[in-house]
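Subject: Structure handover

Hi,

Here is the structure I promised to pass on. My notes follow below it.

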Amino acid sequence: MTNLVALGTAGELAQHAEAVCSLPDVQLHTESANPLDANVHDGLILLDIDDKAYWVDAALEAGLPVLATHPIQRPDKGRRNESATPLCVLSQARLLRGHKSIQENLLLDNRISYYELKLTWDSTQFSSKRSDVQTQMGLIACDLLHLISGPVDELYGHTRNFFHAGPVEDWAMASLRMRNGCEALLQLVDYPGLANSLEIRSYAAGGGHMGEVAIPLEWQVEDLRVYYDNFLGCICKRQQPMVGWREVHESYRLLYWLRASARADRVMHARELQW
């Protein structure tokens, strides 16, 4: 029997319990006196909680495999060292990449010269602190940027705090030029009452409009089950993480870069970034 313990909101825990219930010899616990006890648990699931990066580090240090949503590390802390203990990332961007409408409008057409990506959400609907929610959403967007068009060569970022009190931005915009020559505009908006959704508009060389996609950011039980299958394989050392630090570290670098450009109020090139 594989014993997993999960930390998150009641709604998340119920959905994850549904995803796990059909897996043989797996039990998901939602309460534990010591979630970091590797002698009791075989894996730790980290969802919408505060200070998630602390929990990730503590679990890996204890030798406990981790499956977690973003952020698994603060972008301003630099690159994470590779760990012998499995660290698997629940990346919504990986699921969005496989969405039929995105495949048809973006990923399968090399004529795209410019696209706009807008991510909206309402941080009051999350239980973790707004800074963590902002980072999580920014990383989902950065994951998707890399999946669509590869590495970024330069960007110009702007951040503002229009709708909430406090130091954490609730609006961000970045103009990006990719290494493959494609250009993109990224917009992140945290506003009360907005749904968690992704919008993408793409354009072809010469000004032709290629396509428009609007997708809600929602986990499905079937999607979660795919990640759990992989996580169980990692625990038993039969598989490598489907999405691990190696696959997402460029997103953390890109989000740090966007914020650095906004602070400096200028275009920044890839060669300038020390991270």
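D25 counts as exposed, because its relative accessibility is 55% and the cut-off for exposed is over 50%. The residue sits in the loop between α1 and β2. Its phi is near 60°, a positive value in a residue other than glycine. Please keep in mind that this is a predicted model.

D51 is another aspartate to look at. Its phi is positive too, at about 55°, although D51 is not a glycine. Its place is the loop between β3 and α2 (52-61). With 42% relative accessibility, D51 counts as partly exposed, since that class lies between the 20% and 50% limits.

One more backbone point. The peptide bond between H70 and P71 is cis, with omega about -5°. P71 belongs to the loop between β4 and β5.

The chain overall

The chain has 275 residues, and 53% of them count as buried. Its secondary structure comes to seven helices and 12 strands. Take the contacts between residues at least 6 apart in sequence: 65% of these join residues at least 24 apart.

The five-stranded sheet

Five strands make up an open sheet. The order is β2-β1-β3-β4-β5, and the pairing is parallel. Which strands stand at the edges? They are β2 (26-29) and β5 (87-90). Each has a single partner strand, so one side of each is left without a neighbour in the sheet. On average, neighbouring strands are turned by 20° against each other, direction ignored.

Strands of a sheet pair through backbone hydrogen bonds, either parallel or antiparallel. Here are three of the pairings, with a residue pair for each.

- β1 (residues 2-7) and β3 (residues 43-46) run parallel and are joined by four bridges. L4 has G43 in β3 as its bridge partner.
- β3 and β4 pair in the parallel sense over three bridges. I45 has L67 in β4 as its bridge partner.
- β4 and β5 pair in the parallel sense over four bridges. T69 stands opposite L90 in β5.

Now the faces of the strands. In a regular strand the side chains alternate between the two faces of the sheet. What covers or exposes the two sides of β4 (residues 66-69) can be read from its residues. V66 and A68 lie on one side, L67 and T69 on the other. All four are buried, and both faces of β4 are covered. So L67, the partner of I45, and T69, which stands opposite L90, share a side of β4.

β5 can be read in the same way. L87 and V89 point one way from the strand, and C88 and L90 point the other way. All of them are buried, although β5 is an edge strand with a single partner.

What does α1 lie across? The helix lies across β1, β2, β3 and β5. It runs at about 175° to β2.

The second largest pocket

α1 (10-20) also contributes to a pocket, the second largest. About 480 Å³ of space lies in this pocket. Its lining has 23 residues. Nearest its centre are E12, F126, N196, L217 and W219. How does the lining divide by residue type? There are 10 nonpolar, nine polar and four charged residues.

Two helices are worth naming here. α1 (10-20) and α5 (130-149) each supply at least two residues of the lining. The largest share comes from α1, with four residues.

D153

One residue in a later strand deserves a look. D153 is found in β7 (residues 152-160). Is D153 buried or partly exposed? It is partly exposed, because its relative accessible area is 22% and buried means under 20%.

Leaving out residues up to four places away in sequence, D153 touches R177, M178, R179, W257, M268, H269 and A270. The C-alpha atoms of D153 and R271 are separated by 8.2 Å. Along the chain, those two residues are 118 residues apart.

That is what I have so far. Over to you.

Best wishes

Technical notes: Residues numbered from 1 in each chain as written. Predicted model: local features only at pLDDT ≥ 70, side-chain atom pairs only at ≥ 80, totals over all residues. Heavy atoms only, no water. 1 Å grid on protein atoms, 1.4 Å probe; cavity = no way out; pocket = protein on both sides within 12 Å on 5 of 7 lines; lining within 4 Å. Points joined across faces, edges and corners; volume = space filled by probe spheres on them. Nonpolar A, V, L, I, M, F, W, Y, C, P; charged D, E, K, R; others polar. Pairing = 2+ DSSP bridges. Axes fitted to C-alpha atoms, helices over the stretch in contact; angles between N-to-C directions. Contact = heavy atoms within 4.5 Å. Buried < 20%, exposed > 50% of the residue type's maximum accessible area, 1.4 Å probe, protein only.
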